[in-house]
Amino acid sequence: MTATRIGKHIRASRDTVYRLLLDGSAVAKWMVPDGMSSEVHEFDAREGGAFRITLTYDDPAAAGKTTGNTDSYRGRFVMLVPGERVVQLVEFDTEDPAVSGSMTISYTLTEVNGGTDLVAVHEDLPSGLSPDENEIGWRMSLAKLAALAED
């Protein structure tokens with residue numbers, strides 16, 4: 001299993017970025033790579049709280065990890081440190097063993113130069129997920145998070 005680690009400087013306060021990490025409506029806007037749409041079915045942003053999200057490819061011919069052209073996943077919040085850290089356990093809803101298994105996603109926020117340095121780490125990627133493609137998707141998503149926070 002592998003990991004993806006990405007840093008992003010966001011010209012907004014840590015409190016703003018933290019709030020956007022825990023707002024289901026905001027997550028539907030930013031935590032989605034280009035070429036996909038997002039639907040947040042459940043989002044209980046508290047330690048132990050659960051979430052469930054479906055990403056749908058714009059291209060109906062694209063192969064999803066769950067069904068047809070969708071990637072559905074669920075998870076729970078493991079740790080929330082206000083303004084500093086969010087840790088989630090995440091798992092795809094799938095029958096495919098190549099993309100099954102629990103992954104850990106953590107966000108660490110540090111106040112720097114009038115903004116926030118965000119470090120996102122996506123650990124325990126299943127063997128069926130390309131680390132390079134995962135990184136590309138995360139870069140797209142974090143750019144959307146920055147745009148939302150800086151607006």
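Modeller: This is a predicted model, and in it a cavity is a set of grid points where a 1.4 Å probe fits but cannot get out, while lining residues are those with an atom within 4 Å of such a point.

Colleague: What volume does the largest cavity have?

Modeller: A search of the whole structure finds one cavity of 30 Å³ or more. The volume of the largest cavity is about 40 Å³.

Colleague: Which strands each supply at least two residues of its lining?

Modeller: The cavity is lined by Val-27, Met-31, Phe-43, Phe-51, Ile-53, Tyr-73, Gln-88, Val-90 and Ile-105. Phe-51 and Ile-53 fall within residues 50-57, whereas Gln-88 and Val-90 fall within residues 85-92. The strands that each supply at least two lining residues are S3 and S5.

Colleague: How many residues of that lining are nonpolar?

Modeller: No residue of the lining is charged, and one is polar. Gln-88 is that polar residue, since Gln is not among the types counted as nonpolar or charged. The number of nonpolar residues in the lining is eight.

Colleague: Which helix gives the most to the largest nonpolar core?

Modeller: This core has 37 residues, and those with the most contacts inside it include Trp-30 and Leu-145. Trp-30 is itself in contact with Leu-145, and also with Trp-138, Leu-142 and Leu-148, among others. With five residues, spanning positions within 131-150, the helix giving the most is H3.

Colleague: Which residue in S3 stands opposite Ser-37?

Modeller: Strand S2, residues 36-43, pairs with S3 in the antiparallel sense over seven bridges. In this pairing, the residue opposite Ser-37 is Thr-56.

Notes:
Residues are numbered from 1 along each chain as its sequence is written. This is a predicted model: local features need pLDDT of at least 70, side-chain atom pairs count only at pLDDT 80 or more; totals for chains, interfaces and linings use all residues. Side-chain values use heavy atoms; hydrogens and water are left out. On a 1 Å grid over the protein atoms alone, a cavity is a set of points where a 1.4 Å probe fits but cannot get out, and a pocket is an open set with protein on both sides within 12 Å along at least five of seven lines; lining residues have an atom within 4 Å of a point. Grid points are joined across faces, edges and corners, and a volume is the space filled by probe spheres set on the points. Helices (H or I, at least four residues) and strands (E, at least two) are DSSP runs, numbered from the N terminus. A nonpolar core is a set of buried Ala, Val, Leu, Ile, Met, Phe, Trp, Tyr and Cys residues joined through side-chain atoms within 4.5 Å. Buried means under 20% relative accessible area, exposed over 50%, partly exposed in between (1.4 Å probe, protein chains only). Contact means heavy atoms within 4.5 Å. Two strands pair if DSSP finds at least two bridges between them. Lists of a residue's contacts leave out its neighbours within four places in sequence.
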